[in-house]
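The following exercises are to be worked with the sequence and the coordinates at hand. Each task is followed by a solution in steps.

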Amino acid sequence: MDLSTSYLGFKLPHPFIVGASPMIYKLDLVKRLEDAGAAAIVMHSLFEEQIQHHQSGIEKHILSHENSYAEATSYFPQAQAFHLGPDDYLAQVAKLKQTVNIPVIASLNGINEGTWVEWAKLIEQAGADALELNLYFLPRSDEEPAGVIEQRCYQIVRMIKQFVTIPVAVKLSPYFTSLPHFARRLETAGADALVLFNRFFQPDINIEELETVSHLELSNSSDLLLRLRWLAVLHGRMRLNLAVTGGVHTAQDAIKSVMAGADAVQMVSALLQRGPSYLTEIRKHFETWMEEHEYTSLEQMKGSMSYLHAPNPELLGRANYMRILQSWKV
Amino acid sequence: MKHPETAITDGNEAVARVAYRLSETVAIYPITPSSPMAEWCDEWAAQGKPNLWGVIPTIAEMQSEGGAAGAVHGALLTGSLATTFTASQGLLLMIPNMYKIAGELMPFVMHVTARTLASHALSIFGDHQDVMACRQTGFALLASNSVQETQDMATIAHLATLESRIPFLHFFDGFRTSHEVNSYVQITNAELEALVDEELIRAHRQRALTPDRPMLRGTAQNPDVFFQARESCNRYYDACPDIVQETMRRFKQVTGRAYELFEYVGHKEPESVIIAMGSGVETIEETVHWLNATGAKVGVLKIRLFRPWSLKHFVAALPRSVRSIAVLDRTKEPGTLGDPLYLEVRAAIDEARQDGLLPDSFAPKIIGGRYGLSSKEFTPSMVRAVYNELANPKAKTHFTVGINDDVTRLSIPWDASFDIERADIKRAVFFGLGSDGTVGANKNSIKIIGDETDFYAQAYFVYDSKKSGSVTISHLRFGPDPIKAPYLIYNAQFVACHQFTLLEKHDVLDCAMPGGVFLLNSIYPADRVWNHIPREVQAQIIEKKLRFYVIDAYEVAKQTGMGGRINTIMQTCFFAISGVLPRDEAIAAIKKAIEKTYGRKGESVVKKNWEAVDGTLANLYEVAVPALAESEYVRPPVVMGDAPDFVQRITAMMMANKGESLPVSAFPVDGTFPTDTARWEKRNIAIEIPVWDASICIQCNKCVLVCPHAAIRAKFYPENLVATAPETFKSTPFKAREFPGTRFTIQVAPEDCTGCELCVAVCPAKDKKQPNHKAINMAPQEPLRIPERANYDFFLKLPDPDRLSLEDNVKGTQFRQPLFEYSGACAGCGETPYIKLLTQLFGDRVVIANATGCSSIYGGNLPTTPYAKNPDGRGPAWANSLFEDNAEFGFGMRMSLDNLRDNAIHLLQGFASELGDDLVKAIVTANQGTESGVHDQRARVALVREKLAGNTSLKARKLRELADYLVKKSVWIIGGDGWSYDIGFGGLDHVLASGRDVNVLVLDTGVYSNTGGQQSKATPMGALAKFAAAGKGLPKKDLGMLMSLYGHIYVAQVAMGAKDSQTVQALIEADSYEGPSLVIAYSHCIAHGYNMNFGLEQQKLAVNTGFWPLYRFDPRRGSAEESPMKLDSAAPKAPLNTFTDNEARFKMLAHSDPERAKLLATASQEYVKKHYALFEQMATKPVTSVPATTSNTASTPA
């Protein structure tokens, strides 16, 4: 059975790759993931916002106490050195490259255009095989039009593509007014792949304390439906690759994703829950299913249920549940 | 051109760079101002930096300076090249070992930042009292006078000790030299290699104690031989001066810098000479040049090697023309004929004459002066005053200079307006707050100028003694030649005031030079600022013809995303208008420095800072100065008119930064000061203060409990009293059935609050409709200041509720008057709420022994003290002795109080017939373990007084004097973990073991907070601290567990933020227990590296993760059925990292050494689990072996 697929210019033996997660900080775990057959690994994002936050925290809560009192002009050894920059992340890129032989895809989330470009270059220099741009941020302003935001995203991708030679994927949110159009623009900007979709930090409410609380919710298979729809819509229209992330927990989920048009299938939650060996298991189930259903290659299956090829594409194009006569459908 | 190896650091760093490279073992202990040298060594070792021989020195922090001295002694004896750093009391603790090290002729150098000794008061500042207390130890004493010299003399000491075998104490003035930042030429490794004689090191190794060549050191000797053996070292001392001189010669060959043991500078044929050592010599030298240029014939003889004193070299250096000599001592020896250097010089001249080294005709007048105690300024004008005195035929043989001694009339006058500052030296003075980054920005500026230009630079920083809202004054000089001016700037071409409100409190422009530039950070624009500044300041601007600039730095910071940090902005202003560098060049230099600092942190950080620079230039305006000073706003008086006389005359002067002008007669002769003074110091440092919303409040009083500054208070009072309240005074019915007809108020002290927000954080009451609105919310202070001041005054005058009517719980305790208020502790301090609670509970009957540290600084650093009095005039009586002796100090108080009580009982029993047996019996057997018990006893004692009022017998008089001792006096021994876990542990152990009724409160921050966060044995595993730059590798010592094993000690571990009711209970139980008690209180601290708003939250996490189990071990409970140990917190509910991940002290290690961080985090988690299990076991299994003592009588020494 030929499960091979092509993603970001890499010829992968199968579509299963490890999505962005903190798992990359445990090198032994990463090694086990590779041994379990991961075709590639995506690092979690280097966040400019986090670094900026960290910087202002140091200024407010460490440096502001310095040089205030004669007996203690500081309170920490090397407090100045505790300015987290991208260096730790870059070092981790290098360590991962030394640890595994599969492609290492770094991920980046910036704020300023300059930082996006500068850090993309540093990531390339550190040895990453590809870069996934975690392009989304939460628009809270009611004064910034959607077009401006899209233009900024477009600009970032375009700039980065001018400065780096490694392939660039863009991880998107589903919240774009015209996702196909925006995807097209990203392709013109030079994006090599789209990753659908980011699952954001989703704060919860503690109703006793009346507090918004931070909450880590792992994905489940029901999250997949949104992704299937958009994979199906986008597949076959552009030359860029598509990857799915968020909601692949079973072989069936992966099959659906490929059928909808995914070139690569990213997994995180299922691996966090079941451990690296699940990667081997799911791939086997995937392969068995294909054999049982007499598929000969992944290519044969890829995009078969996309908007272009599905026997009943009208369902993919419909936004609302409608009660209409079965026979009036077409 | 400057030398290519020119660096710019402070004296401590210059010394550490040499000591580290030339040492193999370093034993350290924190003490101001020497700690930074040890910190550098620890950091370099953690970074893997090698010494001159390619090996990383072994660094170890000891439990005290005594321990450090012992450790280096052992290291030396076994062949190591060892060093240590210390000062003041620390040096005193080393003296026993110094005799040993010298007696054994060990090559060794200790570097000492010469500091005042604690006598009538502690002082962290500089003089030679500590060093002079070592002149008899057999150590060589080598002085350096400037940052350059600290490096050079450190080197010379390390070299000369190897050859001479005499150990060296290399010293330089604490703060003035240790903390002065100045340009100097660094010594390179190649130069050091050229200077070090490996053969001498080999010889040292050969003498080492080793089983391969066994020998014996440290014998005991008898009258037959000790004397002779002691004399056997003489020739080493005889040879030492020549060795040092020869080392100086070789040093010059290699580096080009020349030094002499005794070095004369000045007129070739001087008539008057000053002899001195230390940084003051630099001032004298500069003044000598100035005076000689005007025709004077004066000079200065610098003393570098004070011990061994070389008569030969001294005589050779002393000019023969001299007619009068003033010897200046920076120390005081009460009762002596003269201070030590004076006596030495007198004896030397006399002996030289007697031995024919000087002619009989050489008979100059010799006078001795004392100057500069505790870093008292020593200026060119004072130097001139000394020369004037020498020229005076009626010169005082003994004098002081720099103060006004109106009691013993020893002081000589000086002309403060005399000034020798060079025109080509740019001088700038900056007034700022510690928290606004002024000092940091100035350090950065002088680095820029020192590194990027051909200028030499000098900086010295003055801090006040507060830990919150502290004022800093930076003194910066820049010039084309090396700067020798170890005194403050009195004539600045540039003065900046980074905080508008400082104009109200400080005479900022006193130091401004006519025609200079004045920069003010002002919310008022250039066209409106004039009428907002005090009239006094207007007058100075006009009179001195200052060019006046304003910037709204906070606005620029806000606009450019810098938050509240104005450092870069004010720094830019300085470069733009001070004229130190051409403007464009200066701005380019700042931008370059920003890029260098933040380049790797992402464009946003650099961009933000660059934008701040540009935004600054666009918002910096010159003010058109009117011709007249007619502001209606004049500086308010420092304290209110109703303040006591002492506060008005003396405290207020210190508060206004004018303590310098107070004469000797102003001060108590024995260091006794009144309490209840902090309330006169309205500091107004909070930008925002809490505002109470009565409609939401659930009246839990938690905000009052946690306030570190007693600046938010609760009261309930009869409802009719509210009729006369100010208009904005808030009041609501008191929700308590047992107090009908009363109203309740939470009131903020608007001018005392520090704005820490702990009250908001702890407030559990939220508005249902709008949960971001609590019962306590922050609002800008300025508009509230006046109305809330009136409200607070009204609130304070409302009657306090009857203490006996209040329950012993969180709410009840918070209606009691705090007798610890408005301290200078850090905003959000985790320690002070415990002390405040203690004073609410027992303040009217407590004597406090306070170990040196944060709590002694915010408790007793002048000008004011937070310890207050109740309306009866009672309140905490407080004293600080030392760092190491606090438990013993408190123990002594207990012995004394008990004996005075016994005296009173003895007398009382003698009056049984007059007073009635029942009264006497009631007094003697009274149970005073409760509030009402104490109250009743006071009533009985009052009755005794009343009954004996007419009795004029001696015994009756004595009983009246002592009767108050019949009322319980609680002794509380307070200190931090540095004291209790480390330096004072031996004493603490002994005192607790004694069984006496003392109570110990340990404010446990897990570091030596006051000296800047050095590790103690209370530092948790995995935390990074100074002296543990590689992360602490072992768990925190469990002091409570250790002490509970005695069985007779009440031990509690508390964390107010986690379970406040348990804290209240523990303090009450500890005080009531008639034996020793130990309460260990978790105290969050700025040295933990997070937002102090979350201090209470972190305490909760510390408990929930099992890091800090809460318990009370009460020996009164010990029985077969019930364990004395009662756990007050549940088994760990969350992983340890939910606590540790929030604090920089733990996260820093993950950054600097991820592998080690991971290892230690795992080990810590494991430890916490096991540790809790141990507590659980103790709590569930009754311990039957506990001695059944609950009384101190059981332990009275036989």
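**Exercise 1.** Determine whether Leu105(B) is buried, exposed or partly exposed, and state why.

*Solution.* Begin with the count: Leu105(B) has 18 other C-beta atoms within 10 Å and is therefore partly exposed. The classes are defined on C-beta atoms placed from the backbone: a residue is buried if 20 or more others lie within 10 Å of its own, exposed if 12 or fewer, and partly exposed in between. Next, locate the residue: Leu105(B) belongs to the loop between helix H4 (88-103) and E5 of chain B. Helices (H or I, at least four residues) and strands (E, at least two) are DSSP runs, numbered from the N terminus. Then list the neighbours: leaving aside residues up to four places away in sequence, Leu105(B) touches Arg165(B), Cys233(B) and Tyr236(B). Contact requires that the C-beta atoms, placed from the backbone, lie within 7 Å. Finally, the C-alpha atoms of Leu105(B) and Thr161(B) are 9.3 Å apart, although 56 residues separate the two along the chain.

The model is predicted: local features need pLDDT of at least 70 and side-chain atom pairs count only at pLDDT 80 or more, whereas totals for chains, interfaces and linings use all residues. Residues are numbered from 1 along each chain as its sequence is written, and chains are lettered from A and ligands numbered from 1 in the order in which they are written.

**Exercise 2.** Describe the open sheet of seven strands in chain B and the helices that lie on it.

*Solution.* First, write the strand order, which is E3-E2-E4-E5-E7-E6-E12 with mixed pairing. Two strands pair if DSSP finds at least two bridges between them. The edges are strand E3 (58-61) and strand E12 (305-307) of chain B, each of which pairs on one side only. From one strand to the next, the twist averages 20 degrees. Second, place the helices: H2(B) packs on the sheet against strand E2 (25-28), E3, strand E4 (82-86) and strand E5 (109-114) of chain B, and its direction makes about 130 degrees with that of E2(B). Helix H3 (residues 65-77) of chain B lies across E2, E3 and E4 of chain B, at about 165 degrees to E4(B). Such angles run from 0 to 180 degrees between N-to-C directions, with axes fitted to C-alpha atoms, for helices over the stretch in contact.

Third, examine the two edges. E2(B) and E3(B) run parallel and are joined by four bridges, with Thr25(B) opposite Thr58(B). On E3(B), Ile59(B) and Glu61(B) form the covered face, while Thr58(B) and Ala60(B) form the uncovered one. At the other edge, strand E6 (residues 140-143) of chain B pairs with E12(B) in the antiparallel sense over two bridges; Leu141(B) has Arg307(B) as its bridge partner.

**Exercise 3.** Which strands stand at the edges of the eight-stranded open sheet of chain B?

*Solution.* Start from the order E30-E29-E31-E32-E36-E35-E37-E38, in which the pairing is mixed. Strand E30 (877-879) and strand E38 (1125-1127) of chain B stand at the edges; each has a single partner strand, so one side of each is left without a neighbour in the sheet. The twist here averages 15 degrees from one strand to the next. Strand E29 (residues 846-850) of chain B pairs with E30(B) in the parallel sense over three bridges, and Ile848(B) stands opposite Trp878(B).

**Exercise 4.** How many residues of each chain take part in the contact between chains A and B?

*Solution.* The count gives 41 residues of chain B in contact with 39 residues of chain A. On the side of chain B, H21(B) gives the most, with four residues. That side divides into 13 nonpolar, 17 polar and eleven charged residues. Here Ala, Val, Leu, Ile, Met, Phe, Trp, Tyr, Cys and Pro count as nonpolar, Asp, Glu, Lys and Arg as charged, and the others, Gly among them, as polar.

**Exercise 5.** Where in chain B does pLDDT stay under 50?

*Solution.* Chain B has a mean pLDDT of 95, and 98% of its residues reach 70 or more. pLDDT is the predictor's confidence in each residue, from 0 to 100. The stretch under 50 covers residues 1188-1198 of chain B. Where pLDDT is low, the predicted coordinates should not be read in detail. For the complex, the predictor gives an ipTM of 0.93 and a pTM of 0.94.

Note on methods. Two residues are in contact if their C-beta atoms, placed from the backbone, lie within 7 Å.
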